[in-house]
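Reader: Could you take me through a close look at one part of this model? I would enjoy a connected account of how its charged side chains pair up and what surrounds them.

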Amino acid sequence: VMCHLAHITADKDVSSGKGPKFEAVSGYLRLLSEMMSHHSGVICGEQINMWVALLRDPAIVRTNVLSPHLSRVLNSYMTHVVKIRWDDVWDQSHIYSSLIEASWDD
């Protein structure tokens, strides 16, 4: 996807949100957004990087290519994001307390 950003933004059918090319790109992005619900951290991590890169491209953001998929992507991201109880870190009861505290000094 990242290698073809210029093709996505240059194609009038894709950027206008209609036509068979738009349907193909949208179908592929739908598949990628559904992969975000996968339990593998590796798959979700790579997907997050791709979606962030897509959202950083101002030409793509101005089109309607991403908008149908963003709610699914954000929902999956919030489901998979690691949540740390900071009280456990302060009390040294979290398994990675020393590692987290050491990273504050870096």
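**A close look at helix 3 and its salt bridge**

Author: Let's start with Lys21, which is partly exposed, its relative accessible area being 46%. Please keep in mind that this is a predicted model. Side chains of opposite charge can pair when their charged atoms come close. Here the partner of Lys21 is Asp11, and the two side chains form a salt bridge with an N to O distance of 3.1 Å. Asp11 sits in the loop between helix 1 (5-10) and helix 2 (12-16), while Lys21 belongs to helix 3, so this pair ties together parts that are 10 residues apart in sequence. The two partners also fall into separate burial classes: Asp11 counts as buried, at 17% relative accessibility, because buried means under 20%, whereas Lys21, at 46%, is partly exposed.

Now let's follow helix 3, which covers residues 20-35, to Met35. Met35 is partly exposed as well, with a relative accessible area of 31%. That value matters for the surface, because patches are made of residues with over 30% relative accessible area and no salt bridge. Together with Tyr28 and Leu31, Met35 makes a nonpolar surface patch of about 270 Å².

To round off the charged pairs, the count comes to two salt bridges. Besides Asp11 with Lys21, there is Asp88 with Arg85, where the closest N and O atoms are 3.2 Å apart. Arg85 counts as exposed, at 54% relative accessibility, because exposed means over 50%.

Terms used. Residues numbered from 1 in each chain as written. Predicted model: local features only at pLDDT ≥ 70, side-chain atom pairs only at ≥ 80, totals over all residues. Heavy atoms only, no water. Patch = residues over 30% accessible without salt bridge, like charges linked within 9 Å, V, L, I, M, F, W, Y side chains within 5 Å. Areas by Shrake-Rupley, 256 points an atom, 1.4 Å probe, with all protein chains shown as cover. Salt bridge = Lys/Arg side-chain N within 4 Å of Asp/Glu carboxyl O. Helix = DSSP H or I, 4+ residues; strand = E, 2+ residues; numbered from the N terminus. Buried < 20%, exposed > 50% of the residue type's maximum accessible area, 1.4 Å probe, protein only.
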